Amino acid sequence: MPAAGSGENKPVRRRSVMREVCALIRMLLAGLLALLAPAPDPAPVFAPVPSGAEDGALTIRLPGETIRIHRGEFALPGTGFVDPDRLDRLADSLAAKLDYPAKNAKFTASGAIEPERPGRRLDRPAFESRFYAFFYGKGEAEFWPPVRLVPAKVDSELLAGLNEKVIGRYVTYYNPNNRNRAHNIELASKTLDSTVVFPGETFSFNRTIGRRTTERGYKEAPVIVRGELSEGVGGGICQVSSTLFNAVDNAGLQIVERYAHSRNVAYVPPGRDATVSWYGPDFAFRNTLDQPVLIRSFAARGTMRVVLYSTESVRHHPRAVPGMRPGRIEEVRDTPHRGDGMIGAGRNLF
């Protein structure tokens with residue numbers, strides 16, 4: 001009997017080595033044949049083909065609309081590649097038809113909560129992937145553009161949970177008989193209402209209220225209040241931002257940006273105003289608390305009120321702010337003259 005390790009496995013190892021050598025020889029022969037083979041014909045240059053069955057068409061379905069395009073319309077001249085600019089413009093046009101923003105939950109005039117509504121956005125990577133599959137494929141194709149839902153930032157549950165503890169408030173008064181100015185105050189107040197500012201987030205008045213235009217419902221309000229400059233469309237908005245500023249200051253939150261008029265105004269004590277302008281100054285504050293802050297805003301029948309809420313467990317450090325007493329608001333007609341305005345900003349004040 002041969003001793004262990006005497007070499008009885010040598011034939012097995014020899015066969016293994018021979019298989020490896022044969023495989024290497026086959027690889028070398030394949031490479032040599034590839035080098036000796038004639039060069040293939042160059043790839044045909046892509047030539048855009050007019051609309052027709054041989055070109056193939058992509059049908060994009062939209063609600064109430066159908067778009068039909070051809071490969072040749074989206075090829076870079078002289079190549080078989082997609083023109084990225086044309087594809088971007090196509091995606092932009094689809095997004096304009098399909099996208100809509102999410103709508104946060106909001107309190108109604110009766111105090112009930114209007115539920116949130118998710119938004120919708122074109123899924124561009126998925127759309128481009130489908131477009132490339134069509135473009136580099138053959139024949140025709142058809143699909144609905146892929147979209148994805150955008151969740152609302154504030155849902156009903158969050159809104160209900162924040163309406164627990166008052167952390168700041170302020171009240172100002174205006175003349176309801178000055179209908180355009182009153183209308184602007186009430187419209188901006190309604191837009192501001194139900195806004196939630198999360199911990200660490202910075203609130204911007206201009207970004208939240210948006211641009212004050214006639215298309216969005218704002219009116220000309222040339223009457224000014226004790227020297228507050230008239231600014232045309234959106235007159236009265238400064239009273240909303242000033243009321244909010246004092247409520248925020250009362251809650252002890254961090255004021256990030258605030259500007260005062262160059263003249264005292266009637267609806268707040270001297271130095272307690274916060275002027276804003278779409279192309280100029282803004283009012284901004286930061287939520288320094290560990291809980292979200294809910295802004296409730298009300299304006300009707302000559303009274304503008306802002307109340308800030310948070311959860312029952314929130315800990316804050318309120319500050320005392322001088323208040324205003326109810327009374328008749330003195331108004332005068334005036335025309336801005338050169339040099340009027342706010343220190344450090346333009347003359348168009350809201």
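Select Arg68 in this predicted model. Its relative accessible area is 47%, so Arg68 is partly exposed. Now add Glu140: the two side chains form a salt bridge, with N and O 3.1 Å apart. This pair ties together distant parts of the chain, since Arg68 sits in strand E2 while Glu140 belongs to the loop between H3 and strand E6 (141-143), 72 residues away. It is one of nine salt bridges in the structure.

Move to Arg71, in the loop between E2 and H2. Is Arg71 buried or exposed? Its relative accessibility is 6%, so Arg71 counts as buried. Show the backbone of Gly139 as well: the side chain of Arg71 reaches its oxygen at 2.7 Å.

Next, select helix H2, residues 84-98. The helix has 15 residues and spans 21 Å from first to last C-alpha, close to the 21 Å expected at 1.5 Å a residue. At its start, a side-chain oxygen of Asp83 comes to within 3.0 Å of the backbone nitrogen of Asp85. Colour Leu87, Leu90, Ala91, Leu94, Ala95 and Leu98, the buried residues of H2. Look down the axis of H2: these buried residues fall within an arc of 135°, so they line one face of the helix. An α-helix has 3.6 residues a turn, so residues three or four places apart point the same way. Arg89 and Ala96, on the other side of H2, are exposed.

What covers the buried residues of H2? The cover includes strands E1 (57-62), E2 (65-70), E5 (119-122) and E7 (147-150), together with helix H3 (124-135).

From E7, follow the chain into the loop that leads to helix H4 (156-162) and pick Lys153. Lys153 makes a salt bridge with Glu201, the closest N and O atoms being 2.6 Å apart. The partners are 48 residues apart, and Glu201 lies in the loop between strand E9 (195-197) and strand E10 (202-204). Lys153, with a relative accessible area of 45%, is partly exposed. Glu201 also counts as partly exposed, at 24% relative accessibility.

Now select Arg296 and Asp193, whose side chains meet in a salt bridge at 2.7 Å, N to O. Arg296 is in strand E13 (residues 293-300) and Asp193 in the loop between helix H5 (179-192) and E9, 103 residues apart. Arg296 counts as buried at 8% relative accessibility, and Asp193 counts as buried at 9%. Elsewhere, salt bridges with shared partners join Asp249, Arg272 and Arg319 into one network.

Then show the largest nonpolar core, which has 38 residues. Phe205, Leu244, Phe283, Ile295 and Leu308 touch the most other members. At least two core residues come from each of strand E8 (165-173), H5, helix H6 (205-209), helix H7 (237-251), E13 and strand E14 (303-310). H7 gives the largest share, eight residues.

Centre the view on Ile295. Leaving aside residues up to four places away in sequence, the contacts of Ile295 include Leu192, Asp193, Ser194, Thr195, Val197, Phe203 and Leu244. Phe285, Val306, Val307 and Leu308 are also among the residues that Ile295 touches.

The last stop is another core, of 20 residues, lying apart from the largest one. Among its members are Ile67, Leu87, Ala91 and Leu94. Leu87, Ala91 and Leu94 are among the buried residues of H2 coloured earlier.

Definitions and conventions: Residues numbered from 1 in each chain as written. Predicted model: local features only at pLDDT ≥ 70, side-chain atom pairs only at ≥ 80, totals over all residues. Heavy atoms only, no water. Helix = DSSP H or I, 4+ residues; strand = E, 2+ residues; numbered from the N terminus. Expected span 1.5 Å × (residues − 1). Buried < 20%, exposed > 50% of the residue type's maximum accessible area, 1.4 Å probe, protein only. Arc of directions from axis to C-beta. Contact = heavy atoms within 4.5 Å. Polar contact = N/O pair within 3.5 Å; in protein donor to acceptor, adjacent residues only side chain to side chain. Salt bridge = Lys/Arg side-chain N within 4 Å of Asp/Glu carboxyl O. Core = buried A, V, L, I, M, F, W, Y, C linked by side-chain atoms within 4.5 Å.
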